Every structure is written in structure tokens, then in C-alpha cells.
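Q: Please take a close look at a single part of this model, the surface that the protein presents to the nucleic acid. A connected account, with the cut-offs stated, would be appreciated.

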2 protein chains.
Amino acid sequence: MEATDLKKAGLKATLPRMRILQILEDSEGKHLSAEDVYKVLLEQDEEVGLATVYRVLTQFEAAGLVIRHNFDSGHSVFELDSGTHHDHMVHLDTGEIIEFQNEEIEELQKKIAKKHGFELIEHSLVLYVKSKK
Amino acid sequence: MEATDLKKAGLKATLPRMRILQILEDSEGKHLSAEDVYKVLLEQDEEVGLATVYRVLTQFEAAGLVIRHNFDSGHSVFELDSGTHHDHMVHLDTGEIIEFQNEEIEELQKKIAKKHGFELIEHSLVLYVKSKK
DNA sequence: TTACTAAATTATAATCACTATAATTTTTAA
DNA sequence: TTAAAAATTATAGTGATTATAATTTAGTAA
């Protein structure tokens, strides 16, 4: 029952929000743009406007339900916040997105911020790769 | 004489290009958006259109003269390519951008790509920090 | 359950960053 | 110096996203 998840996040359980949350849950591991979500809604014959999709995704982000990424592509993509932090590798030829974790890099980042007298709040690390010839 | 730099890069030495290159050289360490560059041109009473600024910056990028960054801000910023690679730290309160280098992280990134059977082409690492209370 | 009120959604227009187009101007090479 | 190729200008167009005003819905109180 996702209505509960929304309430917990401090959001009213409206139909558009439930549909969009469901779509995100059904696309585990994928990274959808607002347009992608909107297309799925259309396929499901749901009457939800594109503006609503944008607004709801932004609210989900503010509520900590989803994470927004900007992979140099000119538009944002979203994924459910699984709670386990990870970074991304983007394949330059196929567009494939691979997730990875590396504790060593995480630690080094904190150290660097500290060395400059700052506190690391968050970070964005994206590796752009190609297959070996 | 920057006309020479442009020629070396395979670009004709036109007035807009020389003015824009000069502006980038005069703002060492800063990270200017196309709009920022355009504003400086206006202040200098130069008759260069915004579309030209965008086109020229893109050409400079293609020619390897400048580097384009997308700091999650919805627009690109540019800096002269100094030749020495560095990553960036963005201060969430002041907007200040600090450059840093860390060879260890660079190596780890290559390793990670390799482990997945890929070749690292480039990467984007941005630390978002705040001052310690 | 019903009625109310605040919040959310809809449809659409507007905005922002950026790109394409066609006409005009500038570079550069002969 | 002149002509072809390339670049620039002014402007319209595009794609992603956001704002607006009217309408609908969710959650609460009677």
C-alpha cells in the first residue's frame, strides 16, 4: 500500500502521486526522465498531465523519496531512493547506466572537503566509459 | 596575440572569437556561463549576439580550448583548459567554486571502469560542501 | 456521511537555456 | 581586390521545465 509511503513522507495520497510512485517502483534499477514517466502513464491510459509529473517528481525529491540526477544529458532522470548510496557509470555508446559503490572514494572525498575546512554535504560522481576495443 | 591561439586551434581569428577568448583569459579561475560572457560583452559595448556566444563557446570546447561543466544548475559553465585536470567543490551557501586534484581518486576511477570491462573516457566529480559550524 | 477548506491537479501559457535558419558581413586565399 | 567559403547577426524555433488560473479532490469536522 503506497498510500502509506506517501503519508509518511508528508504528502497527500492522490491518484497521480500513487501512479507515479508505482511506476518508479516497477522500474527498479532504471533511471526515468519526467517524459519517460509520462509516457508510461499514457500507455496505462492514466489522465495525468506532464506538468503534474514534473511537480510530483520534484516533490518526491524534496520528500527524500527519489533522487534526481543530471547526467550531462540536458534533462533530469529520477530513481527511487533505495537508501544505499551509489554512483554511476554511463556508457557513452549505449547510454547504459551502471551503478557502483566505492567506499575508498567516499572517504577520500570527505577528507578533501575537510582539508579545505568544509563539510561534505553531498557529491556527484559520474564515470563516462566505453567498451574496450 | 590570441589570434595565433585561435589559428593553432584551427579557428579563424574573428572579432567575436578574440573578444570571447580574451574574456575567458581575464577571468582565470572563474566559471562563466554563456550569459555571463554575453553580459561582459555588453558592458564592453561589443556588438556580439548571444547566439554567437553559444556557438563560439561550443567551438572552443570542440577545439579543446575550453572545458564545459554542468554543475546541476540547469546551465553550462565554461573555463579555459589550463591543461591540468582538476575536479570541483561547490559551496552550497556561497556558490563559490573551488578546484582540487586527487590522484588517488583518479586511479580508483580507472580501476572501477576496468573492473566492469570498460575504458574510462572522462568523468565528472563535484563535491557539494558547507562551512563547518 | 456530508460538507467544507486547503491542497492538488489540469490545461495551457510562459520561461529558460540553447539551437537552427536565412540574410548579411567578414576572412582569407588567389 | 575580389570572390568563395566561412562566420555572424537577428530572429524564430525547440525542448525541458515552471507558472497561472480555473477546476477538482483529499482529508477533516460536524
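A: In this predicted model, the surface near DNA strand D is made up of seven nonpolar, seven polar and six charged residues. Here Ala, Val, Leu, Ile, Met, Phe, Trp, Tyr, Cys and Pro count as nonpolar, Asp, Glu, Lys and Arg as charged, and the others, Gly among them, as polar. A residue is near a strand if one of its heavy atoms lies within 4 Å of it. Local features require pLDDT of at least 70 and side-chain atom pairs pLDDT 80 or more, whereas totals for chains, interfaces and linings use all residues; side-chain values rest on heavy atoms, with hydrogens and water left out. Residues are numbered from 1 along each chain as its sequence is written, and chains are lettered from A and ligands numbered from 1 in the order in which they are written.

Both protein chains contribute to this surface: helix 4 (50-62) of chain A, and helix 2 (15-26) and helix 4 (50-62) of chain B, each supply at least two residues. Helices are DSSP runs of H or I with at least four residues, numbered from the N terminus. Among the 20 residues around DNA strand D, those that come nearest are A:Tyr54, B:Thr14, B:Glu47, B:Thr52 and B:Arg55. Of the strand's atoms within 4 Å of the protein, 78% belong to sugar or phosphate and the rest to bases.

Several polar contacts (pairs of N or O atoms within 3.5 Å) reach phosphate oxygens of DNA strand D. B:Thr14 places a polar side-chain atom 2.6 Å from one. B:Glu47 approaches through its backbone, with an N or O atom at 2.4 Å from a phosphate oxygen, and a backbone N or O atom of B:Gly49 lies 3.3 Å from a phosphate oxygen.

The surface near DNA strand C may be set beside this one. It divides into six nonpolar, six polar and six charged residues. A:Thr14, A:Glu47, A:Thr52, A:Arg55 and B:Tyr54 come nearest among the 18 residues around DNA strand C, and sugar and phosphate account for 78% of the atoms of DNA strand C within 4 Å of the protein. The polar contacts here include a backbone N or O atom of A:Glu47 at 2.5 Å from a phosphate oxygen, a side-chain N or O atom of A:Arg17 at 3.2 Å from a phosphate oxygen and a polar backbone atom of B:Ser76 at 2.9 Å from a phosphate oxygen. Helix 2 (15-26) and helix 4 of chain A, together with helix 4 of chain B, give two or more residues to this surface; helix 4 of chain A gives the most, with three residues.

Note on methods
A polar contact is a pair of N or O atoms within 3.5 Å; within protein, one must be able to donate a hydrogen and the other to accept it, and residues adjacent in sequence count only if both atoms are side-chain atoms.
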